[in-house]
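Student: I would like a close look at one part of this model, namely its aromatic rings. Could you take me through how they pair?

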Amino acid sequence: MTSTLLFLLYISTTILNISTLHKIRLSENYQPDVMAPGNPLLIEVSLNLRNIIRITEKTQQISLETSLRLYWKDTRISLDLDQDDLGIMETGSHPYLLFPLEKAQKTIWMPDIFIDQSIDIRRPDFFKEPTSIKIYNDSTIRYSTRINFDVACTMQFAWYPVDKWVCTVQYESFGYTTKQMKMVWLNSSMQQVNKDISLAQFDFFVQRDLSYSTEYYTLQYP
(Lines give C-alpha, C1' and ligand atoms only; values in the text may rest on other atoms or scores of the structure.)
Protein backbone atom coordinates (compact mmCIF):
# COMPACT_ATOMS: atom_id res chain seq x y z
CA MET A 1 0.00 0.00 0.00
CA THR A 2 1.53 3.31 -1.07
CA SER A 3 1.67 6.15 1.44
CA THR A 4 -0.84 8.79 0.32
CA LEU A 5 -2.29 12.04 1.57
CA LEU A 6 -5.58 13.18 0.06
CA PHE A 7 -6.67 16.75 -0.52
CA LEU A 8 -10.27 17.06 -1.70
CA LEU A 9 -11.43 20.21 -3.43
CA TYR A 10 -15.16 20.59 -3.80
CA ILE A 11 -16.00 22.84 -6.79
CA SER A 12 4.48 35.82 8.77
CA THR A 13 6.95 36.03 11.02
CA THR A 14 10.60 35.69 9.89
CA ILE A 15 12.88 34.02 12.43
CA LEU A 16 16.54 34.90 12.46
CA ASN A 17 18.66 31.99 11.20
CA ILE A 18 22.26 30.97 11.46
CA SER A 19 23.90 30.48 8.07
CA THR A 20 26.97 28.45 9.10
CA LEU A 21 26.45 25.12 7.34
CA HIS A 22 29.49 23.55 8.99
CA LYS A 23 27.40 23.37 12.17
CA ILE A 24 25.18 20.67 10.64
CA ARG A 25 26.26 17.25 11.91
CA LEU A 26 25.44 14.01 10.07
CA SER A 27 25.82 10.67 11.81
CA GLU A 28 28.66 8.40 10.79
CA ASN A 29 27.97 6.57 7.50
CA TYR A 30 24.93 8.77 6.79
CA GLN A 31 23.40 7.84 3.43
CA PRO A 32 21.01 10.35 1.78
CA ASP A 33 19.33 7.57 -0.22
CA VAL A 34 18.30 5.77 3.01
CA MET A 35 15.11 7.14 4.55
CA ALA A 36 15.06 8.72 7.99
CA PRO A 37 14.34 6.34 10.91
CA GLY A 38 10.72 5.71 11.82
CA ASN A 39 8.22 2.91 12.16
CA PRO A 40 6.62 4.37 10.17
CA LEU A 41 8.29 7.73 9.57
CA LEU A 42 5.74 10.50 10.21
CA ILE A 43 5.48 13.29 7.61
CA GLU A 44 3.35 16.20 8.83
CA VAL A 45 1.82 18.34 6.10
CA SER A 46 0.60 21.93 6.02
CA LEU A 47 -1.15 23.29 2.93
CA ASN A 48 -2.13 26.84 2.07
CA LEU A 49 -4.57 27.09 -0.84
CA ARG A 50 -3.73 30.58 -2.08
CA ASN A 51 -5.90 30.66 -5.18
CA ILE A 52 -7.97 28.65 -7.62
CA ILE A 53 -6.57 30.13 -10.78
CA ARG A 54 -9.07 28.60 -13.18
CA ILE A 55 -11.45 25.71 -13.79
CA THR A 56 -11.36 24.44 -17.37
CA GLU A 57 -14.44 22.40 -18.21
CA LYS A 58 -13.37 21.59 -21.77
CA THR A 59 -10.20 19.77 -20.65
CA GLN A 60 -11.61 18.78 -17.23
CA GLN A 61 -8.84 20.20 -15.11
CA ILE A 62 -8.30 22.80 -12.39
CA SER A 63 -5.33 25.10 -11.76
CA LEU A 64 -4.28 25.81 -8.18
CA GLU A 65 -1.81 28.11 -6.45
CA THR A 66 -0.52 26.61 -3.20
CA SER A 67 2.12 26.77 -0.50
CA LEU A 68 3.18 23.38 0.85
CA ARG A 69 5.18 22.53 3.96
CA LEU A 70 6.42 19.10 5.03
CA TYR A 71 7.86 18.33 8.47
CA TRP A 72 9.72 15.18 9.52
CA LYS A 73 12.42 14.15 11.96
CA ASP A 74 15.76 12.68 10.99
CA THR A 75 17.58 11.76 14.19
CA ARG A 76 20.75 11.12 12.18
CA ILE A 77 21.05 14.91 11.78
CA SER A 78 21.91 17.35 14.56
CA LEU A 79 23.14 20.92 14.97
CA ASP A 80 26.35 21.89 16.70
CA LEU A 81 25.32 25.25 18.17
CA ASP A 82 27.20 27.15 20.84
CA GLN A 83 26.06 29.84 23.25
CA ASP A 84 26.96 32.59 20.79
CA ASP A 85 24.65 31.01 18.21
CA LEU A 86 21.80 30.70 20.66
CA GLY A 87 22.32 34.26 21.81
CA ILE A 88 21.43 35.73 18.40
CA MET A 89 18.17 33.79 18.11
CA GLU A 90 14.93 35.61 18.75
CA THR A 91 13.35 35.01 22.15
CA GLY A 92 11.05 31.98 22.10
CA SER A 93 12.15 30.79 18.66
CA HIS A 94 13.48 27.32 17.89
CA PRO A 95 17.13 27.35 16.72
CA TYR A 96 17.56 26.26 13.12
CA LEU A 97 19.86 26.43 10.13
CA LEU A 98 18.66 27.36 6.67
CA PHE A 99 19.96 24.68 4.29
CA PRO A 100 20.32 25.62 0.57
CA LEU A 101 18.07 23.40 -1.54
CA GLU A 102 20.76 22.44 -4.05
CA LYS A 103 23.04 21.22 -1.27
CA ALA A 104 20.26 19.55 0.73
CA GLN A 105 19.11 17.48 -2.25
CA LYS A 106 22.59 15.95 -2.47
CA THR A 107 23.26 15.69 1.27
CA ILE A 108 20.16 14.60 3.22
CA TRP A 109 17.22 12.25 2.70
CA MET A 110 14.02 13.88 1.49
CA PRO A 111 10.59 12.29 0.90
CA ASP A 112 9.63 11.33 -2.67
CA ILE A 113 6.30 13.18 -2.76
CA PHE A 114 4.44 13.75 -6.03
CA ILE A 115 0.98 14.98 -7.08
CA ASP A 116 -1.06 12.20 -8.66
CA GLN A 117 -2.74 13.03 -11.99
CA SER A 118 -0.95 16.37 -12.24
CA ILE A 119 -0.80 17.72 -15.78
CA ASP A 120 1.63 20.59 -15.33
CA ILE A 121 3.63 21.94 -12.38
CA ARG A 122 4.99 25.48 -12.22
CA ARG A 123 6.93 27.49 -9.65
CA PRO A 124 6.49 31.29 -9.43
CA ASP A 125 10.21 32.07 -9.39
CA PHE A 126 12.37 34.86 -10.81
CA PHE A 127 15.96 33.81 -10.20
CA LYS A 128 15.72 31.02 -7.65
CA GLU A 129 13.13 28.37 -6.86
CA PRO A 130 10.84 29.55 -3.99
CA THR A 131 11.79 26.65 -1.74
CA SER A 132 13.49 26.56 1.66
CA ILE A 133 14.75 23.82 3.94
CA LYS A 134 15.23 24.38 7.66
CA ILE A 135 16.98 22.01 10.04
CA TYR A 136 15.94 22.59 13.66
CA ASN A 137 17.87 21.86 16.82
CA ASP A 138 15.60 18.87 17.65
CA SER A 139 16.39 17.15 14.29
CA THR A 140 13.13 18.33 12.69
CA ILE A 141 13.37 19.07 8.97
CA ARG A 142 10.99 21.57 7.36
CA TYR A 143 10.57 21.66 3.59
CA SER A 144 8.59 24.67 2.34
CA THR A 145 7.71 25.57 -1.25
CA ARG A 146 5.38 27.63 -3.42
CA ILE A 147 3.89 25.59 -6.24
CA ASN A 148 1.22 26.10 -8.89
CA PHE A 149 -0.16 23.12 -10.76
CA ASP A 150 -2.89 21.81 -13.07
CA VAL A 151 -4.56 18.56 -12.07
CA ALA A 152 -7.16 16.39 -13.78
CA CYS A 153 -10.71 16.60 -12.40
CA THR A 154 -13.43 14.32 -13.73
CA MET A 155 -16.51 16.44 -14.44
CA GLN A 156 -20.01 15.11 -15.00
CA PHE A 157 -22.53 17.38 -16.69
CA ALA A 158 -25.73 15.38 -16.18
CA TRP A 159 -27.22 18.07 -13.93
CA TYR A 160 -26.00 21.08 -15.92
CA PRO A 161 -26.10 23.96 -15.06
CA VAL A 162 -26.15 22.94 -11.37
CA ASP A 163 -23.48 20.23 -11.52
CA LYS A 164 -21.41 19.27 -8.48
CA TRP A 165 -17.86 18.01 -8.99
CA VAL A 166 -15.33 16.50 -6.62
CA CYS A 167 -11.75 17.33 -7.61
CA THR A 168 -9.28 15.07 -5.84
CA VAL A 169 -5.72 16.24 -5.29
CA GLN A 170 -3.54 13.42 -3.97
CA TYR A 171 -0.08 13.93 -2.49
CA GLU A 172 1.64 10.56 -2.58
CA SER A 173 4.93 8.85 -1.95
CA PHE A 174 6.14 7.11 -5.09
CA GLY A 175 8.30 4.45 -3.47
CA TYR A 176 7.33 4.06 0.21
CA THR A 177 4.37 2.19 1.66
CA THR A 178 2.22 3.25 4.64
CA LYS A 179 4.21 0.81 6.78
CA GLN A 180 7.35 2.81 6.00
CA MET A 181 6.06 6.38 5.78
CA LYS A 182 2.81 7.96 6.96
CA MET A 183 1.57 11.41 5.97
CA VAL A 184 -0.80 13.33 8.24
CA TRP A 185 -2.23 16.84 8.24
CA LEU A 186 -0.96 19.26 10.85
CA ASN A 187 -3.57 20.81 13.13
CA SER A 188 -6.28 22.89 11.47
CA SER A 189 -4.68 26.20 12.46
CA MET A 190 -1.80 25.35 10.10
CA GLN A 191 -4.16 24.73 7.15
CA GLN A 192 -5.28 27.81 5.30
CA VAL A 193 -7.66 28.63 2.46
CA ASN A 194 -7.54 32.15 1.14
CA LYS A 195 -10.90 33.69 2.09
CA ASP A 196 -10.65 36.09 -0.88
CA ILE A 197 -10.81 33.35 -3.53
CA SER A 198 -13.67 34.24 -5.86
CA LEU A 199 -14.97 32.18 -8.78
CA ALA A 200 -17.49 33.80 -11.09
CA GLN A 201 -19.52 30.67 -11.89
CA PHE A 202 -18.69 28.32 -9.02
CA ASP A 203 -19.01 27.83 -5.29
CA PHE A 204 -16.44 25.62 -3.57
CA PHE A 205 -15.25 24.24 -0.26
CA VAL A 206 -12.21 22.25 0.81
CA GLN A 207 -12.09 18.99 2.72
CA ARG A 208 -8.92 17.26 3.90
CA ASP A 209 -8.94 13.49 4.12
CA LEU A 210 -6.65 10.93 5.74
CA SER A 211 -8.60 7.79 4.90
CA TYR A 212 -7.44 7.45 1.30
CA SER A 213 -4.82 4.91 0.23
CA THR A 214 -3.75 3.38 -3.05
CA GLU A 215 -3.01 -0.21 -3.94
CA TYR A 216 -2.08 -0.01 -7.61
CA TYR A 217 1.61 0.77 -7.06
CA THR A 218 2.05 -2.65 -5.49
CA LEU A 219 1.47 -4.31 -8.86
CA GLN A 220 4.35 -6.29 -10.28
CA TYR A 221 5.79 -5.18 -13.62
CA PRO A 222 8.19 -7.12 -15.85
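Tutor: What follows goes through the aromatic pairs one after another. Please keep in mind that this is a predicted model. The count comes to 4 aromatic pairs, and a good place to begin is with Y96 and Y136, whose ring centres are 5.5 Å apart and whose planes meet at 55 degrees, so the pair is tilted; the cut-off for edge-to-face is over 60 degrees. Because Y96 belongs to strand β6 (residues 96-99) while Y136 belongs to strand β9 (residues 131-136), this pair ties together parts that are 40 residues apart in sequence. Y96 and Y136 are both buried. The ring of Y96 has a further neighbour in K134, whose charged end sits over that ring at 4.3 Å from its centre.

A second pair is formed by W109 and Y176, and this one is edge-to-face, with 5.9 Å from centre to centre and 70 degrees between the planes. Here, too, distant parts of the chain are linked, since W109 lies in the loop between α2 (101-107) and β7 (113-115) and Y176 lies in strand β11 (residues 166-177), 67 residues apart. With a relative accessibility of 3%, W109 counts as buried, and Y176, at 16% relative accessibility, counts as buried as well, because buried means under 20%. Finally, W109 and Y176 belong to one aromatic cluster together with W72.

Conventions
Residues are numbered from 1 along each chain as its sequence is written. This is a predicted model: local features need pLDDT of at least 70, side-chain atom pairs count only at pLDDT 80 or more; totals for chains, interfaces and linings use all residues. Side-chain values use heavy atoms; hydrogens and water are left out. Rings of Phe, Tyr and Trp (its six-membered ring) pair if their centres lie within 6.5 Å; planes under 30 degrees apart count as stacked, over 60 as edge-to-face and the rest as tilted. Helices (H or I, at least four residues) and strands (E, at least two) are DSSP runs, numbered from the N terminus. Buried means under 20% relative accessible area, exposed over 50%, partly exposed in between (1.4 Å probe, protein chains only). A charge sits over a ring if NZ of Lys or CZ of Arg is within 6 Å of the ring centre and within 35 degrees of the ring normal.
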